[in-house]
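Trainee: I have a model open and would like to learn how to read it. Could you take me through it feature by feature?

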Amino acid sequence: MTGSSVGVTIPIPEPLAGTLELWRASFGDPMAAVVPPHITLITTTPATDWDETIDHVRAVARDQAPFTVRLLGTGSFRPVSPVVFLTLVEGFHECVDLHARLQSGPLERELDFPFHPHVTVAHDVSDAGMDAAVEELRTFEASFEVRSMGLYEHVPSGLWKLREELYFGQGTDGSEAAAG
C-alpha cells in the first residue's frame, strides 16, 4: 500500500442516497453520478502500512455503537470553499468523535481546516447552482441509522475503491464485540 491514500466515510442509505444524488445533479454538480452521498470521516490521508491502517480502523469500528444522523437544512463553506451541504443536527458529535479516533495512530496528520461533518449537495458549481442548493434544500429533513463506515483506498485512476465495510460493534468475523 506504499503511496496510497485512505478515506473513511459513512454511507447514506437508499432511498435517501438516490434522492440526494438527483438533487446534487440538479444543481449542476458533475460529481453527482460519480461520488455517492456520504459523510466523510477521513479524507485523502497518506498511508504506508495497509495492515496497520486496517487494524486501526477495525478497532475504531469495533468500539463504536450505532447512532442516528438527522439532517436538517443547509450550510455552506463559501467563500473559503465552494461547497453547500446538509447540516447534521443529530449525530454531529458522534461523527466528530469517530473522526478524532480515526485521525490518530497510522492516520494521524495535520488538517488544513477543522473537521465539520456534513453531506455535500453542491461542490464546484456556479454561484447560481450554489444559491439554488441553499434555497431549495433550506427545509430538507431526513434521518437514518448509522451502523457502519467504509474504508476506501484512492487508486491511480483517481477514483476511490471500497476496501472494506466496517460494521460498528462487531469483530472482523461479524461477531458482536464485547462492550467495554
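**Confidence first**

Mentor: Gladly. In the protein chain, confidence is highest in β6, at 98, and lowest in β2, at a mean of 90. Keep in mind that this is a predicted model. The chain as a whole averages a pLDDT of 90, with 93% of the residues scoring at least 70.

Trainee: Let's turn to the sheet. In what order do the four strands of the open sheet come, and what is the sense of pairing?

Mentor: The general idea helps here: strands of a sheet pair through backbone hydrogen bonds, either parallel or antiparallel. In this model the order is β2-β1-β7-β8, and the pairing is antiparallel. β2 (38–47) and β8 (160–167) are at the edges with a single partner strand each, so one side of each has no neighbour in the sheet. On average, neighbouring strands are turned by 20 degrees against each other, direction ignored.

Trainee: How many bridges join β1 to β7?

Mentor: Five, and the two strands run antiparallel. On the other flank, β1 (residues 4–11) pairs with β2 over seven bridges, also in the antiparallel sense. Ser5 is a handy marker: its bridge partner in β2 is Pro46, and in β7 it stands opposite His154. Seven bridges also link β7 and β8, again antiparallel, and there Ser148 stands opposite Tyr167 in β8. The hairpin of β7 and β8 has five residues between the strands, and Gly158 takes a positive phi near 95 degrees in it.

Trainee: Is β7 mostly covered or mostly open, and what packs on this sheet?

Mentor: β7 is mostly covered, with five of its seven residues buried. Helix α2 packs on the sheet and touches β1, β2, β7 (148–154) and β8, its direction making about 40 degrees with that of β8. Helix α3 (residues 92–102) lies across β1, β2 and β7 and runs at about 10 degrees to β2.

Trainee: Let me try one residue of α2. Is Thr53 buried or exposed?

Mentor: Thr53, in helix α2 (residues 50–62), has 1% relative accessibility and therefore counts as buried, the cut-off being under 20%. Beyond its neighbours within four places in sequence, Thr53 is in contact with Val6, Ala47, Pro106 and Leu107.

Trainee: How do I read the faces of a helix such as α4?

Mentor: An α-helix has 3.6 residues a turn, so residues three or four places apart point the same way. In α4 (residues 127–136), Gly129, Met130 and Ala133 are buried. Down the axis of α4 these buried residues fall within an arc of 100 degrees, so they line one face of the helix. They pack against β3, β4 (83–90) and β5 (119–123), while Asp127 and Ala128 are exposed on the other side.

Trainee: And in strand β6, which side chains point to the buried face?

Mentor: Ala142, Phe144 and Val146 do; Glu141, Ser143 and Glu145 point to the other face and are not buried. β6 pairs with β3 (residues 67–76) in the antiparallel sense over six bridges, and Val69 stands opposite Phe144.

Trainee: Which residues touch the most other members of the largest nonpolar core?

Mentor: Val8, Ile39, Phe144 and Met149, out of 42 residues in that core. Helix α2 gives the most to this core, with five residues. As for Phe144, its contacts beyond four places in sequence include Ile10, Leu16, Ile39, Phe67 and Leu71.

Conventions: Residues are numbered from 1 along each chain as its sequence is written. This is a predicted model: local features need pLDDT of at least 70, side-chain atom pairs count only at pLDDT 80 or more; totals for chains, interfaces and linings use all residues. Side-chain values use heavy atoms; hydrogens and water are left out. Buried means under 20% relative accessible area, exposed over 50%, partly exposed in between (1.4 Å probe, protein chains only). Contact means heavy atoms within 4.5 Å. Two strands pair if DSSP finds at least two bridges between them. A nonpolar core is a set of buried Ala, Val, Leu, Ile, Met, Phe, Trp, Tyr and Cys residues joined through side-chain atoms within 4.5 Å. The arc is that of the directions from the helix axis to the C-beta atoms. Axes are lines fitted to C-alpha atoms, for helices over the stretch in contact, and angles run from 0 to 180 degrees between N-to-C directions. pLDDT is the predictor's confidence in each residue, from 0 to 100.
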